[in-house]
Every structure is written in structure tokens, then in C-alpha cells.
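Trainee: I have a structure to look through today. Could you help me read it step by step?

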Amino acid sequence: MENPKREQWSSKMGFILAAAGSAIGLGNIWKFPYIAGENGGAAFLFIYLICILSIGLPVLIAEVLIGRTTQRNPVGAFKKLTNNKFWSYVGKMGIITAFIILSFYSVVAGWAIGYIVESAKGAFQSFKEPAQAGEYFNSLLLQPEWNLFYLLVFILMSMFFVYFGVQKGIEKGSKIMMPLLFILLIILMIRGITLEGANEGLKFFFHPEWSKITSQTILLALGHAFFTLSLGMGVIMTYGSYMSNNDSIPGTSLSIIILDTVISVVAGVMIFTTVFAFGQDPAQGPGLIFHVIPVVFNQMPGGIFFAILFFILLALAALTSSISLIEVVVAYFVDEKKWKRQKAVIFTGVVGTLLAIPCSLSYNLMSEVKLFDSNFFDTLDFLASNILLPLGGFLLAIFVGYVWGLDKAVENLKIGSEKFFEKYPVSLFLWKIFIKYLAPLLMFFVLLDTVGILKVVKNLFVE
Ligand code: PHE
């Protein structure tokens, strides 16, 4: 039962930009520099790159492949390739993960939009110390209306793009927003590098401190590889389902990975050069951007302008990611339940908002409400990023290697990639080894660690 009306990207570039748009987000601009900074700088970068290449790339290729082969959303895709019901539950896990990520992601993205307005109002002009900016940030967090308002603005903006469909909405939006994002980031990075004292930041970010590498660092790098590439929950599968058979999957996947990694590194350089030039502490966790950036920009010529640019950039990056989260859910309802796209968008937006509300209230009205020892926001973040995504990625690799089978996978992978594999014959061999053996094994260890089993085993040996 083919769906004759299923849309496709208008070009290979359309797919690459949309998928890169999903990958590049708050994870790159805020999270990556911060965890790299806390975990040995260049040493972390090195391990992160290994994770991206050894697990990120093979899993990314597998996800695009399943999407393109089946032309379906995650649930429909598994249904088409196997009769075993278990796998459609794996697909459904992706749909649920999308709602969960959407909820806490929209809260942070809402802060970014709120900060565009605050910067434009000149709210930060009198700040000399990050402590002042920190206090200001915390005072905003305490206002439920402020949080809820911008959260809603962000979700409505995301819904707007998905509402208009694949080509007219997502692709067009990404084609305008992604290049703008690159340009803005490059401007801000140059601004950072040319500040006096920027070298300290470069040293911090690029000087490897191997002693800081622990097993925890490796697991952190691996987990972040999933989050930053939007892997393990079906976003990339759904975007792959709109891809044409003429395009090469390994080639496009490589482009997506390179774009995502370059943006993370550029963001790292921008943030650390600026933070160090102004003698600020780089290890401030979730508050880093919102505590430090207003002060940092305030202390330089044209500061208001650069602060506004920065928060626009952050909001845009988050927007192209949340669009992809909504699209997965919408594709599911459109394909499987035969809903109209518009109805699916509205439903997803409403449910997403309902889930996002307690996340945003986690910092004010509901700060006392604890789920598993953390507030609502942190619990959902942990559940999605550290459990559901690696689990989804692990199951996907198992599916390709052992359920669908490498023979069928390779047969489909070769479509559109004939030239690529002629040019780089070893790449196919490597992909098979990694997707069937190495990637699942490594991911298995992350999952064991996350649920605490590795610690128990380690303790047994220590005692
Ligand atoms: N990759 C996005 C980021 O780095 C987050 C994301 C995860 C988006 C999973 C979609 C799916 O910000």
C-alpha cells in the first residue's frame, strides 16, 4: 500500500540542510562546549570524534537507510520490514521520546527567545559580573508567566513550519535558517578570537588533559554523540523517508556529521575565547550561556547587537531541531492513522505544550515536585538523553545486523551510492563491521553504565 502523495525533499541539499538543522541545536551551542570544558578539553574532543565516527556515523547511515527504504515513519518502517510486533513498539518508543525531548527542549529554547527580547530592551547593560546576570536569570526563572509565554511562542513557531509540510515548510525554513546560522556563528567566533586574552580560551578548549579522561568521560561523549546527531528515536529515519533513491546515503550522512561537528567546534571556540577574554568561569553548567553571555557581550563594543544576534542564533538552532521532533510524531499520525498533516501538527503541539508546562514550572511553582529525586525537567532530560536515545540506537543496530540482515541492508544501501562505494570500497566493509558488532557492543556498555550495572561490577573487583 504505497502512499502516492508522500512528499520528498526537492533536492539532496534540502535533505542535508534539514537533517543538519535537526542535528545542530542547543546540544551543539550550549552543551558540547560545556561538557568538553569540564572533561579535558581537547582530550574530550578526541574521544567524542571517535564516538561520532565509530557509532554516530554507522547508526546515522542505518537510520537514513531504513527511512528511505520503507518511506515510512519509525513505527511503519519497522512494520514494513518485519512482522514481529516488538519492533513497532521500538518505533513507538521513538514517538514518545520525541514528545519528551520536545517538552524540555522548548523550555530552554523559550529562554533563548526571551533573551532576544531582554537583550533588545537593554536589560543587561548595567551588568559587570556574571553573578548579576545569574541573579537576573534566576529572577526570570521564578516568573511562571515569563517562562510559559516564551515556551508557547517557541512551540507555535515550530508548529508553523511543520504545518506547511516537507518542501514548503521544513525544507524552505531550513534553507533560509541554516546558512544564516552558519554566518552568525562565524561572525561571533571571529569576534571571540579577536578579543584580547582569547588565547587562554583556545588553550582551554584545545589543550588535551589526558588525565581528565575516565570511563565516565567516554560514556558521556558517547551519549552526547546520540543527542547531538538526533539519533536513536526516528527523527533521522523520518527525514530519510523523504529522500530520493538517487542520492547517496553515505555521502549525505558524512556531510551531516561534518556540519554538526564543525558547528560544535566553532561554538566551543566562540564561547571559550569570549568567556576567557573576560576572565569568567567556563564551568558553570546549565546556566553558562544565560549567566555569562549577557555580561560578556555587555563588556564589548557593539555588545547589545552581538547579544541579540547570539540569542537569535540559539533560538534558530533550537527551532530547526524542534521542527524535526514534531515532524516524527506528525509522520506517524499521517502514515499510520491517516490523519491530515494539519490535524497532526495541532495535536502534537497541544500535547507537547501540556508536557512542557510542568518542565517550565520546574523552576518556580513546581520546584518542590520531585520525580526520581529530580525536578520534572531534569528527569525528562535524563530519561530521554541518557536512556531512551542510546537504547533506541542500540536496538536499531541490532535490528539492521540481526533482524533485517546485512544482505538486505547492503542491497538497499548501494542504491544511489554506486559511485561512492566504487571510489571507497572499504567504507562498505567498515560499515558492516561497525553496525553489526562494534557499535552495538559499545552502546551496550553505555546502557549498562547508565543503569548503574557497571559500577556494581567494578565494585566487586575493587573489593
Ligand atoms: N540534536 C539536537 C541538538 O543537538 C537535539 C535533538 C535530539 C533533536 C534528538 C531531535 C532529536 O540540540
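Trainee: Which residues of α13 are buried?

Mentor: Happy to help, and keep in mind that this is a predicted model. Helix α13 spans residues 288-298 and is mostly covered, with ten of its eleven residues buried. Buried here means under 20% relative accessible area. The residues of α13 that fit are L288, I289, F290, H291, V292, I293, P294, V295, V296 and F297.

Trainee: Thanks! Now, is α10 roughly parallel or roughly perpendicular to α18?

Mentor: Start with the axes of helix α10 (residues 215-228) and helix α18 (residues 425-450), which come within 10 Å and cross at roughly 110 degrees. Angles of 65 to 115 degrees count as roughly perpendicular. Therefore α10 is, relative to α18, roughly perpendicular.

Trainee: How many nonpolar, polar and charged residues does the contact of α10 with α18 have?

Mentor: Look at both sides of the contact. Helix α10 brings Q216, L219, L222 and F226, while α18 brings L442, M443, F445, V446 and D449. Sorted by class, the contact has seven nonpolar, one polar and one charged.

Trainee: And the ligand: which residue has a backbone N or O atom 2.8 Å from a nitrogen atom of the ligand?

Mentor: Nice one to finish on! The ligand is surrounded by 16 residues, and the closest are A23, G27, Y105, F227 and S230. For A23, a backbone N or O atom lies 2.9 Å from a ligand nitrogen atom, and for G27 the backbone partner is 2.9 Å from a ligand oxygen atom. The residue with the 2.8 Å distance to a nitrogen atom is F227.

Notes: Residues numbered from 1 in each chain as written. Predicted model: local features only at pLDDT ≥ 70, side-chain atom pairs only at ≥ 80, totals over all residues. Heavy atoms only, no water. Axes fitted to C-alpha atoms, helices over the stretch in contact; angles between N-to-C directions. Helix = DSSP H or I, 4+ residues; strand = E, 2+ residues; numbered from the N terminus. Parallel < 35°, antiparallel > 145°, perpendicular 65-115°, else oblique. Contact = heavy atoms within 4.5 Å. Nonpolar A, V, L, I, M, F, W, Y, C, P; charged D, E, K, R; others polar. Buried < 20%, exposed > 50% of the residue type's maximum accessible area, 1.4 Å probe, protein only. Near = heavy atom within 4 Å. Polar contact = N/O pair within 3.5 Å; in protein donor to acceptor, adjacent residues only side chain to side chain.
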